[in-house]
Amino acid sequence: MHKRPLTRRLSEGLVPAVPFLWLCLLFLVPFLIVLKISLSDPAIAQPPYRPVFDWSDIAGFFSQLNLENYELLVGDDLYLRALLSSVRIAAVSTLLLLLVGFPIAYAMARAPERYRSLLVALVILPFWTSFLIRIYAWIAILKPDGFLNQVLMGAGLISEPLGILNTETAVFIGIVYAYLPFMVLPLYATLEKMDDTLLEAALDLGSTPWRSFWTITVPLAMPGILAGSLLCFIPAVGEFVIPDLLGGSETLMIGRQLWSEFFSNRDWPLASSVAIVLLIILVVPIVIYRDAEARRVENVR
Amino acid sequence: MRRTFAPWSDPDAKPLIRFENVTKRFGDAVAADNLTLNIFEGEFFCLLGPSGCGKTTLMRMLAGFEFPSEGVITLAGQNLAGVPPYRRPVNMMFQSYALFPHMSVEKNIAFGLKQDGLPKGEIVARVGEMLRLVQLEKLARRYPSQLSGGQRQRVALARALAKKPKVLLLDEPLGALDKKLREETQFELMDIQHDLGMTFIVVTHDQEEAMTMADRIAVMDHGRIVQVATPGEIYEQPKTRFIAEFVGDVNILEGHVLGQENGLWRVQTPSAEVPLTIDDPDEVLHSGQAVAIAVRPEKMVIQREWPGPDAINVLTGEVWDIGYLGDWTVYRVRLATGEILRVTRANASRFVENPIDWDEQVYITFAPDAAVILAE
Amino acid sequence: MTRRLSPFNVTALVLGFAFLYLPILLLVVYSFNASRLVTVWGGFSTRWYGMLFRNEALMEAAWVTFRIALLTASVATILGTLAALALTRYGRFPGLTLFTGMVYAPMVMPEVITGLSLLLFFVAIGLDRGFWTITLAHTTLTMCFVTVVVQARLVTFDRSLEEAAMDLGAPPLRTFFAVTLPLIAPSIVAGFLLAFTLSLDDLVIASFNTGPGATTLPIRIYSAVRLGLSPEVNAASTILIGIVTLGVIAATLLSKRSVIRSRRNAH
């Protein structure tokens, strides 16, 4: 067998080793710490948690762990309602994103080829500008004396200003607006690859355009629909900025709850358990997304 | 002058490349199965076989991109084990050409020379020489994306030749060209190889390409080399049924041996009423042995008239299909057994009176030495 | 192809892009509003820009943000490129599944979780929060994006180009610098720009990991926005949007050239 010199094998080994160790240290280990802290007692001291894990005392470790924080989470229906409401808002937003994103992606894929890269660039461009700024822009639009109400009242369509800001509707609008590129791009990628003659064949065989859309286009676009939906749904569940700026005080979302547990109540162990619960809810969609991504890369290869 | 070139039949000649009992496995798949092969200096050698037969693996082992699981490969007496691709006196022309898209034509050609640290003047001179050789002097500054398929093929060739390797490997060198260009390029490659006196090893699945260019052909199937011989031998004396069917068209008649008469074999077959007479003296057969008789379509004669009671090797059938190809006409003739034979006839004259037509009863005959016996 | 768009498709595109761009356009236009009331037009003025540049806290935040983004993008580009090479060129190796998981997860995971977990990690190892913790956190997040961008290019990369270089006598390292690197360079640049903008833009992770003297621009803007609309924020946003737009246009033109070249090459 062919043997390479040791120094070369070592230097080749560095290529995967460096990023791998970096991610282990700054991604994996922090999670284990969150898990650990979520199982410890709240304390007022700075840092506001009492480490249950004295690194030298492994035997005492398990006996000191307690599920107090989780009991609190289950006992207080505020957190349960926040979780359910987050999932609901994210699911509805994802559905809205599909409804808004599909026609755009479809039209982009049908556009003459020379315009397509421009259209893609135009979809990506807002994504490059600050998320915060784009959400901020909507405050001025949705305010009671904002642009939307000015236009609608000016046109005589309504007599009283609509109170959209600080409602769930505003959160839906914000999520759809901010996440639209993440939905359109995967959809466009699959639709663009689709062979036009398939639709022509379906029409030729007597299928109506509407039925062809449902029996040919949609099934073939499924990988894009899945990728886009997961790409929007997962971060939307934990969204903080949008409900904070556009939602009202009654808009419950778990990301916001975590933020206030952490910054206002300074209860780090409770914030950690909220993070763990949120993560457990998201593990399944994240694994599906990762597998779909890995498969897509494999297919390209 | 080519005709006298046959180092493989000289027992004293030392081969340039030797594969000795080389086996290559990819997991459970065997791409090369205990291969032994000698290739001589100055040879134009073709590895021919269907896709997946292991011919590309064999070439990649020589280039150094794959390493044998077992066995030894030597080049000019040097064992190649452990020698990385960039230290082998072998260059390759890739099937995809693998031209560096970010380098101009001359930069592409100069790439290998630069790796050797040649002085600048020498590199410029050699690049110029290569550009002349492939007639691309005017396109030196162009980028690969600005070239046609044929031009790219020439750049790839020039780049691989620039280092004057001992052996040039060509992986399906003409695969991406259209038919007409392919034929011209075949002859050009032969000329270049002859002028430079280099050893060429070509991998191809196109038997016509192999027949045209090669001094010798190795036919591969499922990781094994089934026959190594000159194109003429491969065509006229195929060793196995696979080769007979893979190289050119062939009609196969199944039968069994009756015995030998005056040095000619008598073979009984259901396809003919009278036993066939075959002149294949090298075969060692015994009575009752099952054999296949292989006859090339152009070696069969088709006629409407009965050839007479003394004629040998007569088959009777009716015309099933006629295909007019211009230079040839192909007749597909159905025998009473249901077998379909393919017979070709050169269209030597422009007008034929009363030509053979569809559904006509015809007789097919062939000479005893037109057929080859393939032991089953 | 000379295909025409149906009226339905045209409507979808027009409405879609109006939805995407109108809010930004309004924001930019009203940054030149003379009135302090953001939603009431009071004539053209650039006074908010003047105030912006005299606002030292904001300028300081912008400078910190820029330094963090530059450092983040540089380190993340190197780490991400190495990770992309590892994922595409090393076949299967022990830990590959964990590796891909760690690359894809941070991209979709809610930022509150990433921010919190990194903060608790920094506290646990006793690292003072500030400039460096934000930079480390941003590097970890953005290197995953760089990985995906570079990986996409490497997957479609014709391996025979590298083999050809080696066949012509270039050892592996020289092959990488002479052939691989120049050809994947556009994706590396794209990855760098992506990492830079993501770092520039991040509020949540920075909020968790910030410390004294390391207030970034998004943190400043966020606290201003919480107090209500402010024409100064509009002006700051407009400047940011302008910079990003110019950068994206330049990058698009650059990559367009290489795309056209590689497209032509594919024929």
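## Chain A: helices throughout

Of the 301 residues in chain A, 43% are buried. Keep in mind that this is a predicted model. Chain A has 14 helices and 0 strands, so reading from the N terminus you simply meet one α after another. Look at its contacts between residues at least 6 apart in sequence, and 73% of them join residues at least 24 apart.

## Where chain C meets chain A

Next up is the contact between chains C and A, which takes 67 residues from chain C and 73 residues from chain A. On the chain C side, eight helices are worth picking out on screen: α1 (7-29), α3 (56-89), α4 (96-108), α5 (111-124), α6 (131-155), α8 (172-201), α10 (217-226) and α11 (231-266) each supply at least two residues. The top contributor is α1(C), with 10 residues.

What is the chemistry of that side of chain C, by class? The side that touches chain A has 50 nonpolar, 14 polar and 3 charged residues.

## Chain B: two domains

Chain B is split by its domain assignment into domain 1, covering 2-245, and domain 2, covering 249-375. Measuring aside, the computed centres of these two domains, taken over C-alpha atoms, are 39 Å apart. Their contact takes 6 residues from domain 1 of chain B and 6 residues from domain 2 of chain B. On the domain 1 side, the residues that touch domain 2 come out as 2 nonpolar, 2 polar and 2 charged.

## A mixed sheet in chain B

Chain B also has an open sheet of 6 strands, in the order β6-β7-β8-β3-β9-β10, with mixed pairing. At the edges sit β6 (90-93) and β10 (224-229) of chain B, each pairing on one side only. Ignoring direction, neighbouring strands of this sheet are turned by 20 degrees against each other on average.

Strands of a sheet pair through backbone hydrogen bonds, and they can do it parallel or antiparallel. Which sense do β3 and β8 of chain B use? Strand β3 (residues 44-48) and strand β8 (residues 199-204) of chain B pair in the parallel sense, over 5 bridges. To find the match-up by eye, start at Leu47(B): its bridge partner in β8(B) is Val203(B). There is a helix to look for here too: α4 (residues 149-161) of chain B lies across β6 and β7 (167-171) of chain B, running at about 175 degrees to β6(B).

## A buried helix

Is helix α1 of chain B enclosed or open? With 9 of its 9 residues buried, α1 (residues 55-63) of chain B is largely enclosed by the rest of the structure. The buried residues include ones with charged side chains, Lys55(B) and Arg60(B), alongside others such as Leu58(B), Met59(B), Met61(B) and Leu62(B). Right after α1(B) comes Gly64(B), whose phi is positive, near 100 degrees.

## A hairpin in chain B

Further along chain B, strand β17 (residues 328-335) and strand β18 (residues 340-346) pair in the antiparallel sense over 7 bridges. One pair to look for is Arg334(B) with its bridge partner in β18(B), Ile340(B).

What joins these two strands? β17(B) and β18(B) form a hairpin with 4 residues between them. In the turn, Gly338(B) has a positive phi of about 95 degrees.

Definitions and conventions
Residues numbered from 1 in each chain as written. Chains lettered and ligands numbered in written order. Predicted model: local features only at pLDDT ≥ 70, side-chain atom pairs only at ≥ 80, totals over all residues. Buried ≥ 20, exposed ≤ 12 C-beta atoms within 10 Å, placed from the backbone. Contact = placed C-beta atoms within 7 Å. Domains from an automatic or database assignment. Pairing = 2+ DSSP bridges. Axes fitted to C-alpha atoms, helices over the stretch in contact; angles between N-to-C directions.
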